[in-house]
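Visitor: Hey, I've got a structure open on my screen and would like to talk it through. Could you help me find my way around?

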2 protein chains.
Amino acid sequence: MKLSERKLKILQAIITDYIETAEPVGSRTLSRKYDLGVSAATIRNEMAELEEDGYLKQLHTSSGRVPSDKAYRLYVDQLMESRILAKIQREALRESLMQKFHEVQNLLKHSAEYLSEITDYTSIAMAEKNKENRIKHLQLVPVDEERILVVLIMDTGLVKNTLLRIGENLDPRELQKISNLLNHHLQGMEILQVSQLVIENIQRELYEYRRAIELILMHLQEVVKEVEQIDVFFSGTTNIFNFPEFNDIVKARSFLAMLEEKELIKNLLTLPDKEGLRISIGRENLYDIAQECSLVTTTYKIDNRTIGHLSVIGPTRMDYTKVVSIMLQLNKQLNDLLRDNY
Amino acid sequence: MKLSERKLKILQAIITDYIETAEPVGSRTLSRKYDLGVSAATIRNEMAELEEDGYLKQLHTSSGRVPSDKAYRLYVDQLMESRILAKIQREALRESLMQKFHEVQNLLKHSAEYLSEITDYTSIAMAEKNKENRIKHLQLVPVDEERILVVLIMDTGLVKNTLLRIGENLDPRELQKISNLLNHHLQGMEILQVSQLVIENIQRELYEYRRAIELILMHLQEVVKEVEQIDVFFSGTTNIFNFPEFNDIVKARSFLAMLEEKELIKNLLTLPDKEGLRISIGRENLYDIAQECSLVTTTYKIDNRTIGHLSVIGPTRMDYTKVVSIMLQLNKQLNDLLRDNY
DNA sequence: ATTAGCACTCAATTAAAGTGAGTGCTAATA
DNA sequence: TATTAGCACTCACTTTAATTGAGTGCTAAT
C-alpha cells in the first residue's frame, strides 16, 4: 500500500505548509502556493484518499486538512531532507561548549540553553543518575576544626560534595589515612553495594576512627539518595506560547505542568533505546498530556553507559528538519568533547 | 488624614473579600456577607470616599470596587493579623529541612519547594553570589593519571568543583604539597584579588610546578565567573495559572517570561535591605511586568553577609496574612539551622 | 447621620445573521 | 480513463443586536 509519487508530493506540501502556518490547509491554497502541476480539484481527490489512508485529518466537513501523527512519521522517516548547519555556526557552538565542560551537568545544561535558543522550542536536559555509578575516588578535605568536606567522584564524571560535621578533631594526616583506606575498599564499587558488612570491615581496619567512618558512610548513603533523584533542566519553557496550538490557557498550562512532573519527563526521555536520535510524535507518546507534542531526543554515553539525554519538545507540527539537523550537529560535538575529556 | 474606625473596617472587609474571590466587591455583597452594622447605602458612601482617598478603584462606573496598591500597603502595615502555624506543621518543616542542608544551595532550593507547596504561590530561591566570597580552603584531588579535581570551599559554605586535565603526572604527595602552598597563599582572599602578581609569587615558590599552578589558578578564575552568575531557582511556577487575574494568555506569558529574566529577578529580590521581611506591592515594583504582582521576600545571612533570598511572588491580591506567617516561621527555622551549621 | 427607593450605567451573556474558505459531486474535456 | 471546471452545500468564525443583572449615585424620608 505504497503512496504514489504524486500523493507523496502533495503530502509533503501539506506538512510543510502546516508546519509553517499552523492553519488547516485546503486544496486551493495548496495549488496556488506550491507548484504541483495539477489543479485544485485533483488535489482534492488525492487529499480525500490520503485522508482515507489516515495521513490527513479534517476538523469538520468543510475545513482544510491537517497532517496526522502517521503523516509526520512518514515525513521524518522518508520525506525530510536534512539541512546542514553553516560551518560558522558549528564553530561558534564548539567555542561555547568548550568553555562550559567543567561538569557533565553543566555541559548538558548549556547545551539545552543553546538548543532552545536556536530552535525556538523548549529543550530538556536530563542527567541520568543511574545506580550503576561507580565510585572512582573519595577524598576527605579538612574545612575547620569541626567540619570536613567529603568529595565523591564517580566514574561517570559526576562529583558530589557533602559538608560534614564530625565529632572528633582529626588532623589532615589522619584524614588522609582514612581517605586512603576508604578508597582502597570502595573504589570501583557501586555505591548501593556498600553494605553494612563492608562498613564493618572497614571499621575493623581502622578501629580508632570507626565513629568517623560510620558517619561518613552514612552520609554517603544519603548523598546517593540525592543522586538518584532525577536532575532535569529546562530551557525556553515559555517558547510554547509562540505556538497557536498552545494559545489557550488550558493547553499552555497543562504543557507547563507536564514539565514539572519529573518522573513523567524521565520516562519520556528514556524510552527503550534506539541508537542516536529518536523522534516521538504525538500519540506515540504514552502520556495524555504529551500527545499533542513531539520530542526529538538524543542520548549521551560514556563507555557505553548512559549519562544523560537532551531533548527538544514542541508541537507535533514542529520543524523536524531544522531540529534534527541541529541536534545531529550538537550530538557530534558533544560526543567529541565527552570522548576527549572523560 | 486618618481613616475612621468604620472606614478601616469596611476597607478590611473589601480586601479580605477580594483576596478570596478576585471579583470586584460591591456594597450589597459587603453588607450581606460581613457584619458591618450599617446598610449598603452607607457602605456605598464610605466606599466613594475611600475611592477619593485612593484606597479603592473602580473598573467602570457601575462595577464594584477593587483595592489599590495603597490599600494593600495599609493592610500589610496595619490591618493584617498574623496567624501562627500549627506546631505540628512547624516540626514537619524542621524535619524536612534538616535532611537537606548539605549545601546552602540545596537548603534554599528545598525551602522554596516547601514555600510554593504550602502557599500555592510561586516561590523563588536566589543564592547571592557576591564577589566578597573568601577562599576558606582549596584542595587538589587526584582522579586518574591525567586529571585532578580542584575543590574550592568558600567561607559562605559554597563549594565548587572543577575537573581539570593537567599535562603532568603528579602523584598524591606532590599534589598535597601544591595544595598546602596554595592554601597558605590564598586562604582568606577574595578570589578576584588573586592577581597575576600573586600567581607569580606562588609560582616562584614551587617553580617546578609552575605550569600546573598556572593552570589551576586560571581555572579558578573561570570558576569565579560561573560563581558570579546568578543562581535562581523557582518552584510552583505554574501556580500562577490558578489566579483569574493571570487567566489570560498574555498575562500568564509575561509573568513566566519575567521569571526567565534573571537579572530582573535579582533586582526584585535585592532591594535596599530592610531588615527581616520585605513586602513589595504592585507598582512599588519598578519593573512594568511586576506591577501586577506582590513579593514577600526574606534575606539570609551568615556573619552579617548575605547568602541568599527567598521570595513568594503572586498577584497583588495575595493572601498576605498566610504568606507572611509562613515565611516568618521558615525564616526562624532557617536562621537557626544556618547559625548551627555554618 | 442613616437608610430606602429608583433611575441609570455598563460589562457580560445570549441569539441571530452574515461571511468565506473549503469540500464533494457531477458533467465536460483532453 | 484521468483531469478539471462549476456549483451547491457545510460549518466555524465574525459581527451585530438584544437581554440581563450587579452595582452605582442621587434624592427624599426617617
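Visitor: Let's start with the DNA. Which residues come nearest to DNA strand D?

Guide: One thing to keep in mind first: this is a predicted model. Of the 21 residues around DNA strand D, the nearest are Arg6(A), Thr42(A), Thr61(A), Ser62(A) and Ser27(B). Sugar and phosphate make up 81% of the strand D atoms that come within 4 Å of the protein.

Visitor: What does the side chain of Arg6(A) sit next to on DNA strand D?

Guide: A phosphate oxygen: a polar side-chain atom of Arg6(A) is 2.7 Å from it. Chain B takes part too, with a polar side-chain atom of Thr29(B) lying 3.2 Å from a phosphate oxygen of DNA strand D.

Visitor: And which residue has a side-chain N or O atom 3.4 Å from a base oxygen of strand D?

Guide: That's Arg44(B), through an N or O atom of its side chain.

Visitor: Which element gives the most to the surface near DNA strand D?

Guide: H3(A), with four residues. At least two residues each come from H3 of chain A, and from helix H2 (27-33) and H3 of chain B.

Visitor: What kinds of residues make up that surface near strand D?

Guide: By class there are three nonpolar, 14 polar and four charged residues.

Visitor: OK, over to the other strand. Which residues are closest to DNA strand C?

Guide: Ser27(A), Arg6(B), Thr42(B), Thr61(B) and Ser62(B) are the closest of the 21 residues that surround DNA strand C. For strand C, sugar and phosphate account for 81% of the atoms that come within 4 Å of the protein.

Visitor: What does Thr61(B) do there, in terms of distance to a sugar or linking oxygen?

Guide: One of its polar side-chain atoms lies 3.2 Å from a sugar or linking oxygen of DNA strand C. Ser39(B) uses its backbone, where a polar atom is 3.1 Å from a phosphate oxygen of strand C. Arg44(B) turns up here as well: an N or O atom in its side chain is 3.4 Å from a base oxygen of DNA strand C.

Visitor: Where does the largest share of the surface near strand C come from?

Guide: From H3(B), which supplies four residues. The class count near DNA strand C is three nonpolar, 14 polar and four charged.

Visitor: Switching topic: how many salt bridges are there over all chains?

Guide: The count comes to 20. One of them pairs Asp77(A) with Arg73(A), with the closest N and O atoms 3.3 Å apart.

Visitor: Why are those two about one helical turn apart?

Guide: Because Asp77(A) and Arg73(A) are four residues apart in helix H4 (residues 69-79) of chain A. Asp77(A) is exposed, at 51% relative accessible area, while Arg73(A) counts as partly exposed at 21%.

Visitor: What about Arg317(B), which residue does that one pair with?

Guide: Glu245(B), with the closest N and O atoms 2.6 Å apart. This pair links distant parts of the chain, 72 residues apart. Arg317(B) is in the loop between strand S10 (305-315) and helix H12 (320-341) of chain B, and Glu245(B) is in the loop between strand S7 (231-235) and helix H10 (249-260) of chain B.

Visitor: Are Arg317(B) and Glu245(B) buried or exposed?

Guide: Arg317(B) is buried, and so is Glu245(B).

Visitor: Which residue does Lys251(B) meet in a salt bridge?

Guide: Glu292(B), at 3.7 Å from N to O. They are 41 residues apart, with Lys251(B) in helix H10 of chain B and Glu292(B) in the loop between strand S8 (277-281) and strand S9 (293-302). Lys251(B) is partly exposed at 28% relative accessibility, and Glu292(B) is partly exposed at 40%.

Visitor: Which residues do salt bridges with shared partners join into one network?

Guide: Arg6(A), Lys7(A), Glu46(A) and Glu49(A). You met Arg6(A) earlier, among the residues nearest to DNA strand D.

Visitor: Last topic, chain A overall. How many helices and strands are in its secondary structure?

Guide: Twelve helices and ten strands. Its radius of gyration is 26 Å, well over the 20 Å that the globule rule gives for 342 residues, so chain A is more spread out than a compact globule.

Visitor: What does the C-alpha trace span along its principal axes?

Guide: About 90 × 40 × 35 Å for chain A. Of its 342 residues, 54% count as buried.

Definitions and conventions: Residues are numbered from 1 along each chain as its sequence is written. Chains are lettered from A and ligands numbered from 1 in the order in which they are written. This is a predicted model: local features need pLDDT of at least 70, side-chain atom pairs count only at pLDDT 80 or more; totals for chains, interfaces and linings use all residues. Side-chain values use heavy atoms; hydrogens and water are left out. A residue is near a molecule or strand if one of its heavy atoms lies within 4 Å of it. A polar contact is a pair of N or O atoms within 3.5 Å; within protein, one must be able to donate a hydrogen and the other to accept it, and residues adjacent in sequence count only if both atoms are side-chain atoms. Ala, Val, Leu, Ile, Met, Phe, Trp, Tyr, Cys and Pro count as nonpolar, Asp, Glu, Lys and Arg as charged, and the others, Gly among them, as polar. A salt bridge is a side-chain nitrogen of Lys or Arg within 4 Å of a carboxyl oxygen of Asp or Glu. Buried means under 20% relative accessible area, exposed over 50%, partly exposed in between (1.4 Å probe, protein chains only). The radius of gyration is taken over C-alpha atoms; the globule rule is 2.2 Å times the number of residues to the power 0.38.
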